Amino acid sequence: MTLQATSKERSAPRHRILIVDDEELIVQAMRKYFAGLGYDVDCAFELEEAQALLANYRYDLVIADLRLTGVGGVEGLQIVADVRQRCANARVILLSAYGTPEIERESYQRGADAFLHKPKAMMEIAHVAVNLLDNA
Amino acid sequence: MKERSALDALLAPGGIRPLYQPLYALTNGDPHLFAFECLSRGPHGTNFERAPVLFEYVRLKRQEALVDRLCIATALEQLPAMASSTKVCVNVHASTLARDAGFIDFLVGAMQKADLHPARVIVDVIQHAPAHDGDGFALAIRRLRHLGIAIALDDIGLGASNFKMLLDVVPDYMKLDRCIVDGCHDDSKRCAVIESLVELASRLHSTVVAEGIETDDDLVIVQSLGVRIVQGFLLAAPMEGRKLVEWPALSPSSAA
């Protein structure tokens, strides 16, 4: 992410971001990072918590891990579907350490705007996020 | 991964925090205390401090009955003794009444522990989670009435609320959601909806409660439209039990 993008983002209206991951350390690191960039940030640790937030608030961007229950889950796909149903204009980034080409393809088919393979540096995620919000 | 789910945290001791918000009657001039509504919030610093998020989460987890019981038990346990002289509203999902066959017995037990006579209790039926089991729901409503407990229908005008529920329950109180009330002072369409619901309530021998009163202008308008019970931050925000004891509006003359 460039300093220019950061500066531009800081002068823009405050965007609201939802971060969803079952790894508490990752969630807290992302919350701190994006809040520091000037975003309003909500966080959720499980599918239903994210769905309850989506039912009550409008988000400009949702960043969600594909798996929220350990082995084998693809809850992130459900979150993409929920976002598309409730906040049609919101952007969605899915993160996964286990993403196969099939899952990645399905993510885009369901409406994800980006699919990023973990591990990813925070600045790389932020770069994608800012670009998506700038082009929203 | 987090070691325990949010649901585990909510169900743990102290996971649900009770708050109490006064309702006021507008009859005979100035507002006077009519009842306290028992409200619930999740732990500080979590998303569940926000009631709509808390209860949407509980419904998605399909744990309405368990959490309804916990909220009522906690609220009545911590209800200050002074509040026992007025009416008390407790919230229950329609789905809990329909599916939790032991709920009414549980409620009676909780009321007895709190020394709360049925005539002072209002069960506020939350319509966000539909009853589905119509027979179970109807039986629960009949049992509540038989006990002498009043029934309110919550969320009128929002989400899953509908006329069939009005016919099924024929509530003593119809609680208009804030989405209808808020800003009514300069919105003729909202006024038309409120006026029509006041008329409907009158014909059903029900009483309208306007939630979400936050301005003097809205208060004046709902009163002029025939609303006789109001609730909202203008009059009193939800408060903890210890503050309720000091609440100046709570006087013997205001008891229901």
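This passage describes the confidence of a predicted model, the contact between its chains A and B, and the packing of two helices in chain A.

For chain A of the predicted model, the mean pLDDT is 88, and 88% of the residues of this chain reach a value of 70 or more. The stretch formed by residues 1-5 of chain A departs from this level, with pLDDT staying under 50, although the model has six contacts beyond four places in sequence for these residues. Where pLDDT is low, the predicted coordinates should not be read in detail.

The contact between the two chains draws 15 residues from chain A and eleven residues from chain B. On the side of chain A that touches chain B, β2 (40-44) and α3 (47-56) each supply at least two residues, and the largest share, seven residues, is contributed by α3(A). Sorted by class, this side of chain A comprises seven charged, five nonpolar and three polar residues.

Within chain A, helix α4 (residues 75-86) packs with helix α5 (residues 101-110) at an angle of about 15°, the two axes being 9 Å apart. Because angles under 35 degrees count as roughly parallel, α4(A) and α5(A) are therefore described as roughly parallel to each other. The crossing in which α4(A) passes α5(A) is right-handed. In this pairing, A:Leu77, A:Val80 and A:Ala81 of α4(A) meet A:Glu106, A:Ser107 and A:Arg110 of α5(A), and by class the contact between these helices has three nonpolar, two charged and one polar residue.

Conventions:
Residues are numbered from 1 along each chain as its sequence is written. Chains are lettered from A and ligands numbered from 1 in the order in which they are written. This is a predicted model: local features need pLDDT of at least 70, side-chain atom pairs count only at pLDDT 80 or more; totals for chains, interfaces and linings use all residues. pLDDT is the predictor's confidence in each residue, from 0 to 100. Two residues are in contact if their C-beta atoms, placed from the backbone, lie within 7 Å. Helices (H or I, at least four residues) and strands (E, at least two) are DSSP runs, numbered from the N terminus. Ala, Val, Leu, Ile, Met, Phe, Trp, Tyr, Cys and Pro count as nonpolar, Asp, Glu, Lys and Arg as charged, and the others, Gly among them, as polar. Axes are lines fitted to C-alpha atoms, for helices over the stretch in contact, and angles run from 0 to 180 degrees between N-to-C directions. Angles under 35 degrees count as roughly parallel, over 145 as roughly antiparallel, 65 to 115 as roughly perpendicular and the rest as oblique. A crossing is left-handed if the near helix is turned anticlockwise from the far one by less than a right angle, and right-handed if clockwise.
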